[in-house]
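Here is a short tour of one chain, starting from a single residue and then stepping back to the whole fold. Have the sequence and the structure at hand as you read.

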Amino acid sequence: MLKELLPTLRLKIMNVGCKEDGSNWLYKAVNSPFSRLYLVTEGMTTTTHHGQTFEVSAGQLHIVPCFTLADYFCPEHFKYYYVHFTARMEGDLDLFNLGEFKYLLDAPPGSADRLKRIHELIPGCEIPV
């Protein structure tokens, strides 16, 4: 099914930016209508969703799919790139609702440079403070 629907994939970037946060990054039971991609470049943070706790360290990518109940916590400090996006296919299906995915993985080399470039190409797309 995924193979048939993949050609109809529509990605929409809503926000992209680079931030630093600390122990104030504490959110419970967040459920967003968009997916979140984080690339941690310094420090570490923790998210909990899908019955798992993910410790996200520098050099790792983490995805939180849309409509996922998630908790966010940072014990000290971390710096990260974020992308908020939708990934819809024919019939308004969300990509991440079509199967199991790895939500945490080591970032491929050059990922931070690519996200930095996307951030530069879409100015003003950060989340307002």
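Leaving aside residues up to four places away in sequence, His119 touches Val16, Gly17, Cys18 and Glu126. You will find His119 in helix α2, which covers residues 111–121. Val83 is another useful landmark: 36 residues separate it from His119 in sequence, while their C-alpha atoms are 9.1 Å apart in space. Please keep in mind that this is a predicted model.

Now for the wider view. What pattern does the chain follow along the sequence? Reading along, you meet α-β-β-β-β-β-β-β-β-β-α, that is, two helices and nine strands. Contacts across the sequence are well represented: among those with a separation of 6 or more, 78% join residues 24 or more positions apart.

Some values for the whole chain are gathered here.

| Property of the chain | Value |
|---|---|
| Span of the C-alpha trace along the principal axes | about 45 × 35 × 30 Å |
| Residues that count as buried | 40% of 129 residues |
| Accessible surface | about 7600 Å² |
| Part of that surface belonging to carbon and sulfur atoms | 56% |

Does the radius of gyration agree or disagree with a compact globule? It agrees, because a compact globule of 129 residues would have a radius of gyration near 14 Å and the chain has 15 Å.

Finally, a look at charge. The chain carries 12 positive and 15 negative charges, and the mean positions of these two sets lie 5 Å apart.

Key: Residues numbered from 1 in each chain as written. Predicted model: local features only at pLDDT ≥ 70, side-chain atom pairs only at ≥ 80, totals over all residues. Heavy atoms only, no water. Helix = DSSP H or I, 4+ residues; strand = E, 2+ residues; numbered from the N terminus. Rg over C-alpha atoms; globule rule 2.2 N^0.38 Å. Buried < 20%, exposed > 50% of the residue type's maximum accessible area, 1.4 Å probe, protein only. Contact = heavy atoms within 4.5 Å. Areas by Shrake-Rupley, 256 points an atom, 1.4 Å probe, with all protein chains shown as cover. Lys, Arg positive; Asp, Glu negative; His and termini not counted. Charge placed at Lys NZ, Arg CZ, Asp CG, Glu CD.
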